[in-house]
Amino acid sequence: MTLSERPRRLRQTPALRRLVRETRVSRDALVLPLFVREGVSIRENAPGLAGLYRYSPDRIPEAVETAMTAGINAFLLFGIPAHKDREGSEAWREDGIVQQALKTLRSRFPEVILITDVCLCEYTSHGHCGVLTEAGLVDNDQTLPLLAMTARSQAEAGADLVAPSDMMDGRVAAIRQVLDQKGLTQVGIMSYAVKYASSFYRPFRDTAGSRPAQGDRRNYQMDWHNRREASREAALDQAEGADILMVKPALAYLDVVAEVAATANRPVAAYSVSGEYAMLQAAAAAGLLDLEEAIAETAAGVFRAGADILVSYFAPEIATAIKRGDLG
Ligand SMILES: [Zn+2]
């Protein structure tokens, strides 16, 4: 039999297969989200996210240290405040929960990358990402200065990158302007440029206590039928001064990751969200798939689609898979 093409030739041994891999994954491209809550000496299970924890600021260094052992050097911080109000004022308090964690981590680990989520939903009593009008809708323009104040206080507390996740129009420009005015020109913006109104956020909302009391987020987060709109959102954030563009979620949006990577002129991050984490954990717990293999395969898919950076609750496991040679 004379075949002109034999693709199987390159699949014969593990070393050959590694030689011809088209997607290379590095631990340097991974970001681990962390949850910080008020209190002292606390490390508690994250509700809805088996295997993850919420830490008080004094114990958050443990989480960073453990992840660093696995090779993770970038962290995305989410705050869970003790008090909420209609405006979410704990978000920009000088000694707010994220600001406390930043100061502790900055002094203990000067070399790690600290990224902060900028949003109000964890801090507002109503659970929406901005201030509400009397009709109960999120007021875009009234929310912008509050987001900018939040970003500024996080930057002053030691953040390398601030990451607005609220999906208000114009927030990247508002944040950039305030940071520059305060001399924080070296603090970058990793914008959640393309964030869909996804059902995959639910475990996070239980952990962060940010479920909206009423209504949903569909009038500010994107409709998941749309791809062209992703290019528009990415282009707007880029023009407003975003340094890194993020797509969220990852798994059901790999075409969008590919689209943004192809059209944007900035590094592209993808956020593998809590529902993606929970889905793999649950399937593995039910004996339906091998967790380690599924984590590696899913991570490879995100990078193959074109992401430069992956934000994942499985970041340490992905780093371990790279070390094993299953990935990268
Ligand atoms: Zn939010």
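What percentage of the 328 residues of the chain count as buried? The share is 49%, where a buried residue has 20 or more other C-beta atoms, placed from the backbone, within 10 Å of its own. The model is predicted: local features need pLDDT of at least 70, side-chain atom pairs count only at pLDDT 80 or more, and totals for chains, interfaces and linings use all residues. Residues are numbered from 1 along each chain as its sequence is written.

**View 1. The nonpolar core and Ile115.** The largest nonpolar core (buried Ala, Val, Leu, Ile, Met, Phe, Trp, Tyr and Cys residues joined through C-beta atoms within 7 Å) has 108 residues. Leu77, Ile115, Val257 and Ile318 have the most contacts inside this core. Helix H10 gives the most to the core, with seven residues; helices are DSSP runs of H or I with at least four residues, strands are E runs of at least two, and both are numbered from the N terminus. Not counting residues up to four places away in sequence, Ile115 touches ten-membered surroundings that include Val31, Leu77, Leu161 and Met190, a contact being two backbone-placed C-beta atoms within 7 Å.**View 2. Packing of H8 against H10.** Helix H8 (residues 254–263) and helix H10 (residues 291–305) pack at about 35°, with axes 8 Å apart; axes are lines fitted to C-alpha atoms over the stretch in contact, and angles run from 0 to 180 degrees between N-to-C directions. Leu254, Val257 and Ala258 of H8 meet Gly301, Val302 and Ala305 of H10.

**View 3. Helix H3 and its cover.** Among the buried residues of H3 are Ile97, Leu102 and Leu105. Strand E5 (113–118) and helix H4 (140–156) are included in what covers the buried residues of H3.

Methods. A residue is buried if 20 or more other C-beta atoms lie within 10 Å of its own, exposed if 12 or fewer, and partly exposed in between; C-beta atoms are placed from the backbone.
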